[in-house]
Amino acid sequence: MKRVITFGTFDVFHIGHVNILKRARSLGTELIVGVSSDALNYSKKERYPIYCQEDRVEIISSLKFVDHVFIEESLELKLDYIKKYNADLLVMGNDWEGRFDWVKNECEVLYLPRTPSISTTEIIEIVRRAQ
Ligand code: C2G
């Protein structure tokens, strides 16, 4: 039994999100996903996500390779979530390389390469330009 945990906003859900979640799940037997709250997103990016947190949770919960979903309220609570869900491995995309190494006493940490050429920000820009 190996529990994998990952975190993200997963706004305007796209193939990069599918790829990281599938790869994370393949590294263990259970995948737990912390979906960043609207407030956490605002504090990080000074804008609210396009999809509200309830919808983002619903989308992630519907995926067959995701076993459990909860709302991530703060980046600083990583260790509490890891302990709460008994996670053995934390997986993040490599845009976060090194940022969560401080949990390594409690849990293995792995940064996977991002899927190239796609991001929520880019999709929003493309749609905006097309108007
Ligand atoms: N991702 C990826 N490839 C992309 C885009 C995103 O692998 N082309 C990964 C990111 O690296 C991240 C996950 O998908 O691991 C979710 O990405 P975001 O929704 O952008 O999440 P973010 O806003 O970075 O929030 O506690 C951590 C944060 O809440 C993560």
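**Notebook: Leu 77 and strand β2**

I looked up Leu 77 first and found a relative accessible area of 32%, so I noted Leu 77 as partly exposed, a label that lies between the buried limit of 20% and the exposed limit of 50%. The model is a predicted one. I then placed Leu 77 in the chain: the residue sits in the loop between β3 and α4 (78–84).

I checked Leu 77 against Lys 22. The two are 55 residues apart in sequence, and their C-alpha atoms are 24 Å apart in space.

Next I turned to strand β2, residues 30–36. Is β2 mostly covered or mostly open? I found it mostly covered, with 7 of its 7 residues buried. I went through the two faces in turn. On one side, Glu 30, Ile 32, Gly 34 and Ser 36 are buried. On the other side, Leu 31, Val 33 and Val 35 are buried as well.

I then asked which strands pair with β2. Strand β1, residues 3–8, runs parallel to β2 and is joined to it by 6 bridges. Within this pairing, I found Phe 7 opposite Gly 34 of β2. I followed the chain from β1 to β2 and saw that it passes through helix α1, residues 15–26. I recorded this β-α-β crossover as right-handed.

Strand β3, residues 68–72, also pairs with β2 in the parallel sense, over 5 bridges. Here I looked up Gly 34 again, and its bridge partner in β3 is Phe 70. My entry for Gly 34 therefore lists Phe 7 opposite it, Phe 70 as its partner in β3, and a buried state by the under 20% cut-off.

Methods
Residues are numbered from 1 along each chain as its sequence is written. This is a predicted model: local features need pLDDT of at least 70, side-chain atom pairs count only at pLDDT 80 or more; totals for chains, interfaces and linings use all residues. Side-chain values use heavy atoms; hydrogens and water are left out. Buried means under 20% relative accessible area, exposed over 50%, partly exposed in between (1.4 Å probe, protein chains only). Helices (H or I, at least four residues) and strands (E, at least two) are DSSP runs, numbered from the N terminus. Two strands pair if DSSP finds at least two bridges between them. A crossover is right-handed if, with the strands pointing away from the viewer, the path from the first strand over the helix to the second runs clockwise.
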